[in-house]
Amino acid sequence: MIYFFGGIFFSIIVFFLYMIWHKGEQRRLAYQIEKNSKFESTSLVKKDYFFLGEELIDSINTLIVEHHKQKKEYEETRKNFKSMATSISHDFRTPLTSISGYVQILLEDNDISFEKKQKYLKIIESRAISLSSLIEDFYTVSSIESLDYPYILTIISLSEILREQIATYYVEIEKRYSTIEVDIIESPCYIISDRTSLQRIFSNLIKNSLSYGTDKIRICLKEEEDRYKIEFANLLYENADKNIADKIFERNYSVNWANSSKSTGLGLSIAKSMTEKMGGSIGAEVIDDMLVFTIEFEKSENHSNEMV
C-alpha cells in the first residue's frame, strides 16, 4: 500500500514538474514568435520543441520565412516608390516652371508681338502635353503596383498591333532616322494579351528610341517554335554609356545618352511591368553600338478572337 501511494505521489510530482517545464517552453516559444513578428529576430523555431510535432514546427518556420520575405518586399517597394516620387516631383517641376514663366511674360508684357505670343503659347502647349504625359505615366505605375490596373486578356494578333504602332509614329521615325529597317512576318502571330497594354508597350519603346536613338532603327518580329520575339533596336550616340542594359528599366534611371545626363522617365519601367504581368519577358542589351530591346510572348494555341 505504501508503494502504491508512493508511486501516485511520485507521478503527481513528475506531472507538476512537466507542466512547469511545458509552460516554460510555451513562454519561450511565444517570446521567439513575438520577436519574429516585430522583425527583431530572424531565427527559426528549433526542432527541440518536440511537444509541437515536426510538421507544426515546419509550418511555423514557413510562416516566419514568408513574414520576413513580405517585409523585405514591402521595404523595397517603399524605397523604390519614394525614389520614384522624388524623381517625378523633379520632372513635374521642370514643365510647370516653364509654363509659369511664359504665362508671366504674356501677362506682364503688353508690348509683346503677335509672333512672340504665338511662339510662347506653343511652348506652353508643349510643356502642358509633357506634363500630362508624366501624370498619365505616374498614374499607370501606381495602378500596376496596387494591382488595380485592368488587364482584359483576349487572343489578339501581335503583328497587327505592332504594324499599327509603327504606322502611328512613322512620320516621326522618318524625321529622326536615316536608316529604317522593319521586318515583320506575314502571319497574324496570335497571343493571349491585353490590347491596350500591348499598344502601350510598343508605343513606349518607339518613343524611347525617338528620344534617345540616332541614325539607324530596326524593328522586327520573328516566329520561334513556341513563342514570338520582337526586337526594337536603335543606334546609340557616339558618347553614350554602353553599360546601361542592366539598369535601363529602373524608374527614372539617368543615362548619359550624349553629352548630358537625362532620365529615361517611367516609360521603360511601365513597358517591363506590363510585359511581365501578361506572362511575357523583356530585356535589353547593347550589341555593336545598338541598344536592343527584346520582347517574347508565348504563342496562343487557339486562333479565335474569343475572350479568355
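A residue counts as buried when its relative accessible area is under 20%. By that yardstick, buried residues make up 36% of the 308 residues in this protein. The model is a predicted one, so please read every value below as computed from predicted coordinates.

## Overall picture

The secondary structure comes to 6 helices and 9 strands. Contacts reach well along the chain: among those between residues at least 6 apart in sequence, 67% join residues at least 24 apart.

## The five-stranded sheet

Let us start with the strands. An open sheet of 5 strands follows the order S2-S4-S5-S9-S8, and its pairing is mixed. Which strands stand at the edges? They are S2 and S8 (281-287), and because each has a single partner strand, one side of each is left without a neighbour in the sheet. From one strand to the next, the twist averages 10°.

Strands of a sheet pair through backbone hydrogen bonds, in either the parallel or the antiparallel sense. Both senses turn up around S4. With S2 (residues 177-184), strand S4 (residues 215-223) runs parallel, joined by 7 bridges. With S5 (residues 227-235), S4 pairs in the antiparallel sense, again over 7 bridges. S4 and S5 also form a hairpin, with 3 residues between them.

Some of the bridge partners are set out here, in case you would like to find them in the viewer.

| Residue | Bridge partner | Strand of the partner |
|---|---|---|
| Tyr177 | Asp215 | S4 |
| Thr179 | Lys216 | S4 |
| Leu221 | Ile230 | S5 |

## Helices around the sheet

Helix H4 (residues 158-176) lies across S2, S4, S5 and S9 (290-298). Relative to S2, H4 runs at about 170°.

Helix H5 spans residues 195-212, and Ser203 is found in it. Is Ser203 buried or exposed? Ser203 has a relative accessible area of 8%, and because this is under the 20% cut-off, the residue is buried. Leaving aside residues up to four places away in sequence, Ser203 touches Gln165 and Tyr169. With Tyr169 the link is also polar: a contact of 2.6 Å joins the two side chains. Both Gln165 and Tyr169 fall within the residue range of H4, so this little cluster ties together a residue of H5 and residues of H4.Helix H6 (residues 267-277) is mostly covered, with 8 of its 11 residues buried. Among them are Gly267, Leu268, Ile270 and Ala271, and the list also includes Ser269, Ser273, Met274 and Thr275. After H6 comes Gly279, whose phi is positive, near 85°.

## A cavity beside H5 and S5

Rolling a probe the size of a water molecule over the atoms shows where empty space is left. How many cavities of 30 Å³ or more does a search of the whole structure find? The search finds 1, and the volume of the largest cavity is about 30 Å³.

The lining of the largest cavity consists of Leu205, Asn208, Ser209, Ile217, Phe232, Ala233, Asn234 and Phe293. H5 and S5 each supply at least two residues of that lining.

How values were computed
Residues are numbered from 1 along each chain as its sequence is written. This is a predicted model: local features need pLDDT of at least 70, side-chain atom pairs count only at pLDDT 80 or more; totals for chains, interfaces and linings use all residues. Side-chain values use heavy atoms; hydrogens and water are left out. Helices (H or I, at least four residues) and strands (E, at least two) are DSSP runs, numbered from the N terminus. Buried means under 20% relative accessible area, exposed over 50%, partly exposed in between (1.4 Å probe, protein chains only). A polar contact is a pair of N or O atoms within 3.5 Å; within protein, one must be able to donate a hydrogen and the other to accept it, and residues adjacent in sequence count only if both atoms are side-chain atoms. Contact means heavy atoms within 4.5 Å. Two strands pair if DSSP finds at least two bridges between them. Axes are lines fitted to C-alpha atoms, for helices over the stretch in contact, and angles run from 0 to 180 degrees between N-to-C directions. On a 1 Å grid over the protein atoms alone, a cavity is a set of points where a 1.4 Å probe fits but cannot get out, and a pocket is an open set with protein on both sides within 12 Å along at least five of seven lines; lining residues have an atom within 4 Å of a point. Grid points are joined across faces, edges and corners, and a volume is the space filled by probe spheres set on the points.
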